[in-house]
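Welcome, and thanks for opening the viewer. Please keep the selection tool at hand, and we will walk through a few places together.

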Amino acid sequence: MAIPDAFLDELVSRTDIAELVGGYVRLSKKSGANMFGICPFHSEKTPSFSINSEKQIYHCFGCGKGGGAIGFVMEIENLPFRDAVEVLARRAGMTVPEEAGQVEVANRRRRLIELNRDAARHFHTMLSSSLGASARDYLVQRGISKASATRFGLGAAPDNWTILFDAMLKKGYKKAELVEAGLCRPGRGGEGAYDFFRDRLIFPVIDVRGNVIAFSGRILGDGEPKYLNSPDTVAFSKSRNMYALNFAKNSKAGNLLLVEGNIDVVTLHQAGFDSAVAPLGTAFTEQQARLMATYTENIIIAFDPDEAGKKATLRVLPLLEATGKNVKVVDLGASGDPDDFIRKRGVDAFRALLKHGESQIDYRLITISKGHDMQTDEGRLSYLAKATDLLAEINSIPEREIYTSKVALAAGVSVDSIKNEITRKVRTKSKARAKTREKEVMRPRVNIQPKGRELRYENESSAVAEEGIIRCIMRDSTLIKVISEKGFAHSEFTSKFLEKVYLILEKRLSEDREINEAQVSSELEPNEASEFMRIMRKPESLPDSDNRVRSYIEKIRTEKLRTHAPDTDTLLEIKRLKETYGGHKG
């Protein structure tokens, strides 16, 4: 059976959305019931993410995302509906009834997690066996202790084609499950299967709830790729998870330390730096930046000092800076990766390095200067062009002035000349942004259409009226009677999304239930909830609301007639409708 509506209503009513969101976003009270913070769903520096404690809803005025508690958890944790409901239910001390439509997906996810757990145990057992000798030798070579190997659940995948496949079949798992989990690949012609990880040191990937969701394997001999990672599954997304965050989120260090590889993470934790995390075999993503920002105010980047590491640092910086957190970069010099640095110079030296890391602006300015010959006029001018571009992006005037002085000193020019150039660039960018906004305002069709392509309106004129009907009902539920009197049916909506919202309202009112924004949002997908919140923020006049609803119905029916059969008879019918309803304007 489906999760009862009454259960969802009770769950939403028991959830304090400010407390829920406050666990992910630093909120500051501004006025009345509204609190604001930096949006966790898009890059911004000025808080535009709003929480309304009275209505129990959230809305970002920047990216447009919005809705209630369930939608927020679905978005921030990348969870399906039922899993998000379960997260909130545990917080509220409630038990979720079974839902037939979601059971299959939830069971598949649970089954894959169980399989991954058993596979992790198998790999760990292999590490201690005769087949794990090469993996043990590698751990000794890297100075990783048995205690660290046990803590991280490290394992070995022997140079054998079917050892994992055979072991998991004996435990009752099916070939299809092993393939779906990314642990095995089908054999030729679909016959049998072979192990995905072979001759590798295995790192289980564990999410923040303690579930083994995937694996990463480092090759023990020669060959590529150096690291091999599980594919995305219903239980795992590379771009939304990080290695060792399950440990690092509990660190007392007051920061998260971002490094390049799993080995770096393990050796750093072993040395006492238990806030280290790493990406999972793909380029660092915006989702991972937001994930890190959920658990700390301070982020330190310690990538390898080679050219690839420097390029990776420059790619990561804008993503982390956009979270609004304090971001620093440490320069490992010629010492190699963090593990090499600690081996050569010791734990105390690395701790001091972290303490005195460069701000992300300092790092970028140093990187820019290294790319130019500062002994020539041409080099200094090129440096100044790029440096002032960077400083023009800084919103804080005191911070900008500090770096202005540094740039002036580095280039050997006056501070005033730098200030003038920055002011010019800030004005130019402001004018460009203003023109962009003006173009958007002058294109009303853009403002009418939902942001999501899957929700786009086929008939914009009719959809405007359909939105109006929904707003009117939300603000005065008695208007549903006026709609009924006019014989208006949900099938007259041209937008399937708006029809869905109308049906939710109609059903709730027929059952004498609330229709506040939080409750309605709980029955929508996250993208639908965001669009619903956008609709609700459009103005709607309540005086003479009966006639407004009638005019909206007239508009919808007129549009239907106009688009389906614009012949003489239709024109006469349109005229009759206008005469019947008195020509009210929508």
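## A walk through the strands

Start by selecting strand β15 (residues 326–329) together with β14: the two pair in the parallel sense, over four bridges. Keep in mind as you look around that this is a predicted model. For one spot along this pairing, pick N298, which stands opposite N326 in β15.

Now add helix α13 (residues 307–321) to the selection. With β14 and β15, this helix makes a right-handed β-α-β unit.

Next, highlight strand β12 (residues 256–258), which runs parallel to β14 (residues 298–301) and is joined to that strand by three bridges. Two pairs to click on here are L256, opposite I299 in β14, and L257, opposite I300 in β14.

Zoom out to take in the whole sheet. Its five strands follow the order β13-β12-β14-β15-β16, and the sheet is open with mixed pairing. At the edges stand β13 (276–277) and β16 (358–359); each has a single partner strand, so one side of each is left without a neighbour in the sheet.

For the last stop, select R200, which lies in strand β9 (residues 200–206). What is the nearest side chain of opposite charge to R200? It is E224, 7.5 Å away, and R200 is buried with no salt bridge. Where, then, does the side chain of R200 reach? One place is the backbone oxygen of G217, at 3.0 Å; another is the backbone oxygen of P225, also at 3.0 Å. Show the surroundings as well: R200 touches residues including G155, A156, I219, L220 and Y227.

Key
Residues numbered from 1 in each chain as written. Predicted model: local features only at pLDDT ≥ 70, side-chain atom pairs only at ≥ 80, totals over all residues. Heavy atoms only, no water. Buried < 20%, exposed > 50% of the residue type's maximum accessible area, 1.4 Å probe, protein only. Lys, Arg positive; Asp, Glu negative; His and termini not counted. Salt bridge = Lys/Arg side-chain N within 4 Å of Asp/Glu carboxyl O. Polar contact = N/O pair within 3.5 Å; in protein donor to acceptor, adjacent residues only side chain to side chain. Contact = heavy atoms within 4.5 Å. Pairing = 2+ DSSP bridges. Right-handed = clockwise from strand over helix to strand, strands pointing away. Lists of a residue's contacts leave out its neighbours within four places in sequence.
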